[in-house]
Amino acid sequence: MKIFRGFHHRGIASACALTIGNFDGVHRGHQAMLALLNSEAAHRGVESCVLTFEPHPRDYFAGAHNKPELAPARIGTLRDKLTELARCGVQQTVVLPFDARLAAQSPAEFIDEVLMRGLNARYVLVGDDFRFGRQRAGDYAMLDAAGQARGFDVARMNSYEVHGLRVSSSAVRDALGRGDMESAARLLGRPYTISGHVVHGRKLGRELGATGAGAGDGFRTLNLRFAHWKPAASGIFAVLVHGLGDVPLPGVANLGVRPSLDPNDVNGGRVLLETHCLQWPADLDPEGAYGKIVRVELLHKLHDELKYDSLDALTTGIAKDCDDARAYFATAAIASHTETRRQTTRDRI
């Protein structure tokens, strides 16, 4: 998939079938829309294209009005959004900076400058609640009328439902906020995942619970930065880590701001996903994960972030989290084995 920041770049498609949105989470409703987009693009002989925004428009307006509470919790990072868009077969994604100029564009200016001159859209697919332009004055009827006048097709996709529930980014945020990772996975069509480069931290974890002073064999963690200040999920989770070997590694992770640590540490104030692998690959050096891109699946929430009053209390808390994560994986393995046996019995019958 080709990725462009803005549309004034060599290599951008000369014409496209386009859909527009924030695509936070790239959930099952988004996936259905992207499948239709790819089909329409192939039918027309043009590339499929997603136009998305960074920051989220509501982030921009929250900052502009100094009302951070208006900013939506973020499901995924830009990296993860782009990864999922590529997995869905999108051929080109344009990330448009949402700034004062874009916010001030009238619907007609957006159609002329972005859809026509910028992207040469031959087909535009939008959701049933799509609005655009200054003060969200543009709607589907206006876009459809412009398409008829300017020579591009416009289509609207109705809401996507799973078991009677409308699939939306808001529904995913709600599930993640409750810590209901199974519901979030059903809405997303996959486990909730965060990926990124492993970065250096304070290296305190390796000393907590170590076998001796300076041994460094305690609760070593993989640190991933979550770029947005307001993640949809937070707390302590049982996880699977991909990217450090041939098989995923079970672990326990903290997603949040680490309230028990010194705010002046190297990642102080940043949202961080800190993951301790319950097993470490035998062929990987203890320092060998730094700089690697890993993908962490958050499978089950153990509890909210806690503030411990001492490093000893923190060490005890982490040890309990590890035990609880092992218990979760043991139960999950038993459940999986039981289901396999049931399926085998049904197949024989």
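Is Cys-49 buried or exposed? Cys-49 counts as buried, at 0% relative accessibility. The model is a predicted one. This briefing covers the cysteines, a cavity and its lining, two loop residues and one helix.

**Cysteines**

- The count of disulfides comes to zero.
- For Cys-49, the closest cysteine sulfur is that of Cys-16, 4.4 Å away, which is too far for a bond.
- A disulfide needs the two sulfur atoms within 2.5 Å, so a pair beyond that cut-off does not count.
- Cys-277 also counts as buried, because its relative accessibility is 7% and the cut-off for buried is under 20%.

**Second largest cavity**

- Three cavities of 30 Å³ or more are counted in the model.
- The second largest of the cavities holds about 70 Å³ of space.
- Its lining is made up of Asn-22, Asp-24, Phe-53, Glu-54, His-56, Arg-74, Gly-76, Thr-77, Leu-78 and Lys-81.
- Strand E3 (47-54) and helix H3 (78-87) are the elements that each give two or more residues to this lining.
- Sorted by class, the lining of the second largest cavity has four charged, four polar and two nonpolar residues.

**Thr-77, a lining residue in a loop**

- Thr-77, one of the residues lining the second largest cavity, sits in the loop between helix H2 (57-64) and H3.
- Thr-77 has a relative accessible area of 10%, so the residue is buried.
- Apart from neighbours within four places in sequence, Thr-77 is in contact with Ser-195, Phe-226 and Ala-227.

**Gln-105, between H4 and H5**

- Gln-105 lies in the loop that runs between helix H4 (100-104) and helix H5 (107-118).
- With a relative accessible area of 4%, Gln-105 is buried.
- The side chain of Gln-105 makes a polar contact of 2.8 Å with the side chain of Glu-113.
- Once neighbours within four places in sequence are set aside, the contacts of Gln-105 are Phe-110, Glu-113, Val-114, Gly-133 and Arg-134.

**Helix H5**

- The buried residues of H5 are Pro-107, Phe-110, Ile-111, Val-114, Leu-115, Met-116 and Gly-118.
- Among them, Phe-110 and Val-114 are also contacts of Gln-105.
- An α-helix has 3.6 residues a turn, so residues three or four places apart point the same way.
- The elements against which the buried residues of H5 pack are strand E2 (16-20), E3, strand E4 (92-97), H4, strand E5 (121-127) and helix H6 (140-150).
- After H5 comes Asn-120, which has a positive phi, near 50°.

Technical notes. Residues are numbered from 1 along each chain as its sequence is written. This is a predicted model: local features need pLDDT of at least 70, side-chain atom pairs count only at pLDDT 80 or more; totals for chains, interfaces and linings use all residues. Side-chain values use heavy atoms; hydrogens and water are left out. On a 1 Å grid over the protein atoms alone, a cavity is a set of points where a 1.4 Å probe fits but cannot get out, and a pocket is an open set with protein on both sides within 12 Å along at least five of seven lines; lining residues have an atom within 4 Å of a point. Grid points are joined across faces, edges and corners, and a volume is the space filled by probe spheres set on the points. Helices (H or I, at least four residues) and strands (E, at least two) are DSSP runs, numbered from the N terminus. Ala, Val, Leu, Ile, Met, Phe, Trp, Tyr, Cys and Pro count as nonpolar, Asp, Glu, Lys and Arg as charged, and the others, Gly among them, as polar. Buried means under 20% relative accessible area, exposed over 50%, partly exposed in between (1.4 Å probe, protein chains only). Contact means heavy atoms within 4.5 Å. A polar contact is a pair of N or O atoms within 3.5 Å; within protein, one must be able to donate a hydrogen and the other to accept it, and residues adjacent in sequence count only if both atoms are side-chain atoms.
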